[in-house]
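Visitor: I would like a close look at one side chain and at the helix that carries it, followed by a careful walk through the surroundings.

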Amino acid sequence: MAGDPALLAHGVGGRQDLPITLADLVVAAALTLVVTFVALGLLWREPRLDRDAAGGRPVPERLAGLVDAPAFRWALRALGLLAAGWFCVGLFAGPDTPDNPTAGALYVLLWVGLVPVSLLFGPVWRAVNPLRTVHLLVALAARRDPARGVRELPAGLGLWPAALTLFGFVWLELVAPDRATLPVITAWLAGYAVVVLGGAALFGAGWFDRADPFEVYSALVGRLAPIGRAADGVLVWRNPLDGIAGLRSRPGLVAVVIVLLGSTMFDSLSNAPAWLRFSQENGLPPAVTGSAGLVAVIGVVAVAYLVATGAAARVGRAGPAGAGDPAGGVESRRVPGELAHSIVPIAVGYVVAHYYSLLILEGQRTVALLSDPRDTGADWFGTAGWQPHTTLVTPSGVANLQITVIIVGHLLGTLLAHDRALYLFPRARAVAGQLPLLALMVAYTVAGLLLLYAG
């Protein structure tokens with residue numbers, strides 16, 4: 001994370017806090033996945049999840065009316081602008097010291113905090129995104145349709161811009177020299193604003209859905225929220241697995257989920273004593289070593305995923321027949337994108353496991369500092385003397401939470417992959433086609449647990 005030592009304290013759990021040995025835990029987690037796979041093969045023989053995201057139970061009319069009301073939407077936009085303005089007070093007028101809340105607001109409250117908020121309420125960043133609001137206001141002032149730009153979005157662009165901007169952010173968060181300092185944060189945010197607002201001016205508001213790293217991140221996680229939109233736009237309560245099963249394959253989706261998963265794995269690796277010694281003793285600048293390590297870990301995660309999904313397509317005999325055809329299968333080249341949704345709960349599990357204590361402890365500290373971003377002795381929100389509460393952060397509690405969310409994330413990924421395999425592959429080969437995916441899930445689980453407790 002950022003250069004402030006407080007921001008480096010991702011977790012307080014460790015091997016000594018595990019209820020069983022790490023070796024036993026790894027074996028138990030792998031066996032849990034295998035048993036789950038066998039049970040699914042025996043009991044879950046037809047696709048059950050709503051791939052079209054058409055279902056759900058409509059929320060009460062009053063709640064739907066409130067959420068869809070123009071006044072409520074503008075209130076959220078105004079809240080986003082106010083929060084961005086207050087953030088800029090610390091960014092441009094605050095001291096470049098650990099008492100400035102800017103780094104914590106960006107790396108903790110926004111990046112990490114988006115996960116639990118999106119898990120509860122859906123893609124919230126789209127509703128409060130200050131850059132989207134600025135673009136909308138400029139378009140309204142110019143009497144132009146914000147959805148239209150100078151040029152049409154290229155049909156095959158997909159989420160590739162978001163994959164690049166996400167990589168840019170995780171590089172800033174994990175590798176960039178002096179990444180907690182105001183000049184570095186300001187430079188990155190300026191580049192981010194130019195790319196996002198410039199693209200929106202060129203291609204219209206649809207650019208935010210394709211390129212804004214925070215919007216895409218929130219939208220992916222928000223697919224697991226218990227509330228969402230049905231295919232006709234109606235606000236509904238839904239099975240979160242139906243929500244993520246409705247994630248459509250498109251160009252760049254695989255890259256986005258791999259960057260999210262790989263970067264979190266690298267963050268675990270970068271705190272391991274062996275990596276720290278290697279970084280200090282290899283004679284290269286830390287930024288060079290860190291960049292190479294980040295790219296390497298993301299690359300390993302990507303290769304493992306592509307090899308597993310490619311093998312699944314071959315074993316499952318995916319071919320030219322239409323998707324869902326019991327006699328045929330889906331085209332092999334589409335299989336990685338069709339299964340990418342199964343990686344999302346795994347990535348979310350790693351994020352929660354890795355950053356839980358950081359969000360609780362450093363999040364409270366950042367909220368306290370936001371009461372006086374200029375460090376003048378003021379107390380705008382009455383929280384300046386707030387001391388972080390540690391009740392929810394104990395070594396054994398964090399260790400148990402980390403184990404639970406990582407294993408649950410992989411179990412959900414296995415379930416999602418199983419249901420989609422029943423849709424993709426001929427029925428007679430669907431279970432066999434999942435064997436490479438099971439091997440992938442076991443490998444990710446073992447690697448994640450070893451990395452998490454290596455630090």
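In which helix is the place of glutamate 362?

Guide: Glutamate 362 has its place in helix 17, where helices (H or I, at least four residues) and strands (E, at least two) are DSSP runs numbered from the N terminus. This is a predicted model, in which local features need pLDDT of at least 70 and side-chain atom pairs count only at pLDDT 80 or more, while totals for chains, interfaces and linings use all residues. Residues are numbered from 1 along each chain as its sequence is written, and side-chain values use heavy atoms, with hydrogens and water left out.

With a relative accessible area of 5%, glutamate 362 is buried (buried means under 20%, exposed over 50%, partly exposed in between, for a 1.4 Å probe and protein chains only). Its side chain makes a polar contact of 2.9 Å with the side chain of arginine 365; such a contact is a pair of N or O atoms within 3.5 Å, one able to donate a hydrogen and the other to accept it within protein, and residues adjacent in sequence count only if both atoms are side-chain atoms.

Glutamate 362 also takes part in the packing of helix 17 (residues 344-369) against helix 4, since the residues of helix 17 that meet helix 4 include Tyr355, Leu358, Glu362, Gly363 and Val367. On the side of helix 4 (residues 102-112), the partners are Gly104, Ala105, Val108, Leu109 and Val112, contact meaning heavy atoms within 4.5 Å. The two axes come within 9 Å and cross at roughly 130°, the axes being lines fitted to C-alpha atoms over the stretch in contact and the angles running from 0 to 180 degrees between N-to-C directions. Helix 4 and helix 17 are therefore oblique to each other (under 35 degrees counts as roughly parallel, over 145 as roughly antiparallel, 65 to 115 as roughly perpendicular and the rest as oblique). Their crossing is left-handed, which is the case if the near helix is turned anticlockwise from the far one by less than a right angle, whereas clockwise makes it right-handed.

Beyond helix 17, the loop that leads to helix 18 (395-424) holds aspartate 375, a residue other than glycine whose phi is positive, near 55°. Aspartate 375 is partly exposed, at 42% relative accessible area. A phi near 55° is also found for arginine 143, which has its place in the loop between helix 7 (130-141) and helix 8 (160-174) and counts as exposed at 79% relative accessibility. Most residues other than glycine have a negative phi.

A second helix pair can be read in the same way. The axes of helix 14 and helix 15 come within 9 Å and cross at roughly 135°, so these helices are likewise oblique to each other, and helix 14 passes helix 15 in a right-handed crossing. Trp275, Phe278 and Ser279 of helix 14 meet Thr289, Gly290 and Gly293 of helix 15. The loop between helix 14 (273-281) and helix 15 (286-315) contains asparagine 282, which counts as partly exposed at 25% relative accessibility. Its side chain is joined to that of threonine 289 by a polar contact of 2.9 Å, and a polar atom of the asparagine 282 side chain lies 2.9 Å from the backbone nitrogen of leucine 284.
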